[in-house]
Each structure stands twice: as structure tokens, then as C-alpha cells.
Amino acid sequence: RIGYDFLVSRRVVGDSFRVTLWRSDEEKEVELQLSASPVPRLVPRKAGVDAVPSYLVLGGLVFVPLSLPWLLARYSEVRKVPADLQAKLFDHKEHPEEEVVVLSKVLAAEVNYGYEDFPSCQLLTFNGMKVQSLRQLRQMAMAGSEERFLRFVMSFHLEIVLDAELCWETHANILDQYGIKEDSSPDLRDAEPPASRL
């Protein structure tokens, strides 16, 4: 006996074959060419190839997209990475701009007092909106929401709540204190909206 998977696996990329389709009680034959394209992984793997350094500073909180090079720099070995972040290594993107945004570091300041030792974990929502990418997080922060607080909901039901007004007032001082020239990496600033709170 030969398994059914043989019919599928004996084909290679570039092969053409005919398929019979049934639509609205009508038989139709079409010719297809087999092609393959990689399904992009949710977490980039190679520094300088698909993993490019990127960051965003909000209220002294430093956010980065999750990547294998960042995980190895932070934890030195994959086996030391928290399980929830390890699991992301095997996921695939649902849309092209999707990223896992993580809190990389807290730059200690009055505005974020008490959160300095917060663990590296995934950012899920910002002010009630699901975070899909670092670029989207920056756009939401720059939108000039009238919220009194900036609410960051992280994995494991952890929440960081910062006074919005104090964040904007101390933003430049925090960057200056830690010797950071810009609040975000160039890749996030290339599509600058007209009105900016950062």
C-alpha cells in the first residue's frame, strides 16, 4: 500500500498539475503551479536579517520587539527564557506588521517609581487597546489621548499605571539623564505624524 501523502509529497515547487473543482454544481478543471513561500515567524531569528534593533521609551519604560538576538543577549540561553516568551518562538505572524512587544527595561525615574525591577514580559494592551507592534504603540502614545493615566497591561495580569501628565513633563529629562538621544529608533520615526506628544 502507498499512503495518500505520497500524492502530495511527490510534487516539487514549480510543478504544474490539473485540478478538478466543483462550484455551484458545475465541474471546472484548472491548471495550478505549485509554489512555496515561507510563513514569517512571529519572532525574528537573525540579527541584521529579520531582527533589526528597535526601541521606544515611554515614561522611562523601554519597549522592544521580541527577537531571538534580544532574548540571547538578555538571558544568554534560550532555556533560561520565561516559558511564555519561549512559546512565541514557534508562532507565526497573522499579519505582516505583527510583533511581540516586550518591556525590556525600566529607566528609574519618579514617574515610574516602584516599577524599576519589573520583569521582562509581553505588553498586551495600552490604554485598553491591543498592542500589535512597536510602531502601533508609538502611534497610540503620540495620538494625544486625554487619558489621565497611561495603562500598560502585561502578561501574567501585571499592570503598570503611570501619570500621563508627569510622563510628558519628565520625558526629555529621563532621556537626557540616561544619555538617550531619541525616544525611539529611526525605523519608528520614519512615518512621523504631524502632532507629537513625545
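**Around helix H5 and strand S8**

Reader: Let's kick off with Tyr178: which loop is Tyr178 found in?
Author: Keep in mind that we're looking at a predicted model. Helix H5 covers 164–177 and helix H6 covers 186–189. Tyr178 sits in the loop between H5 and H6.

Reader: Okay, and how exposed is Tyr178, as a relative accessible area?
Author: Partly exposed runs from 20% to 50%. Tyr178 counts as partly exposed because its relative accessible area is 34%.

Reader: Which residues does Tyr178 touch, leaving out those up to four places away in sequence?
Author: Gly60 is 118 residues from Tyr178 in sequence, yet their C-alphas are 9.5 Å apart. That's a C-alpha distance, though, while a contact needs heavy atoms within 4.5 Å. With residues up to four places away set aside, Tyr178 touches Leu107 and Ala108.

Reader: Now H5 itself. Where is the kink in H5 centred?
Author: H5 has 14 residues and reaches 19 Å from first C-alpha to last, close to the 20 Å expected. End-to-end reach is one thing, but H5 also has a kink of about 50°. That kink is centred on Thr170.

Reader: What do the buried residues of H5 pack against?
Author: The buried set in H5 includes Trp168, Thr170 and His171, so the kink residue Thr170 is among those with under 20% relative accessible area. Ala164, Cys167, Ile174 and Leu175 are buried in H5 too. Their packing partners are strand S3 (56–58), helix H4 (134–142), S8 and S9.

Reader: What about the start of H5: which backbone nitrogen does a side-chain oxygen of Asp163 reach?
Author: The other end of H5 is followed by Gly179, with a positive phi near 70°. At the start, the Asp163 side-chain oxygen comes to within 3.0 Å of a backbone nitrogen. That nitrogen belongs to Glu165.

Reader: You mentioned H4. Which side chain makes a polar contact with that of Arg138?
Author: Arg138 is in helix H4. Arg138 counts as buried because its relative accessibility is 4%. The side-chain contact is 3.0 Å, and the partner is Ser184.

Reader: On to S8. Which residues form the covered face of S8?
Author: In a regular strand, side chains alternate between the two faces of the sheet. S8 runs over residues 149–154, and its uncovered face holds Phe149, Arg151 and Val153. Its covered face is made of Leu150, Phe152 and Met154.

Reader: How many bridges join S8 to S9?
Author: S8 pairs with S6 (residues 123–126) in the antiparallel sense over 3 bridges, with Met154 as the partner of Leu123. S9 (residues 159–163) also runs antiparallel to S8, and there Phe152 has Ile160 as its bridge partner. The bridge count for S8 and S9 is 5.

Reader: Which residue in the S8 and S9 hairpin has a positive phi near 65°?
Author: The hairpin has 4 residues between its strands. One loop residue there, His157, has a positive phi of about 60° without being a glycine, and His157 counts as exposed because its relative accessible area is 80%. The residue near 65° is Phe156.

Reader: Last one: what is the relative accessibility of Asp25?
Author: Asp25 lies in the loop between strand S1 (16–23) and strand S2 (26–33). Its phi is positive, near 60°, though Asp25 is not a glycine. Asp25 counts as exposed, since its relative accessibility is 79%.

Notes
Residues numbered from 1 in each chain as written. Heavy atoms only, no water. Buried < 20%, exposed > 50% of the residue type's maximum accessible area, 1.4 Å probe, protein only. Helix = DSSP H or I, 4+ residues; strand = E, 2+ residues; numbered from the N terminus. Pairing = 2+ DSSP bridges. Expected span 1.5 Å × (residues − 1). Bend = angle between axes of the 7 residues up to and from the residue. Polar contact = N/O pair within 3.5 Å; in protein donor to acceptor, adjacent residues only side chain to side chain.
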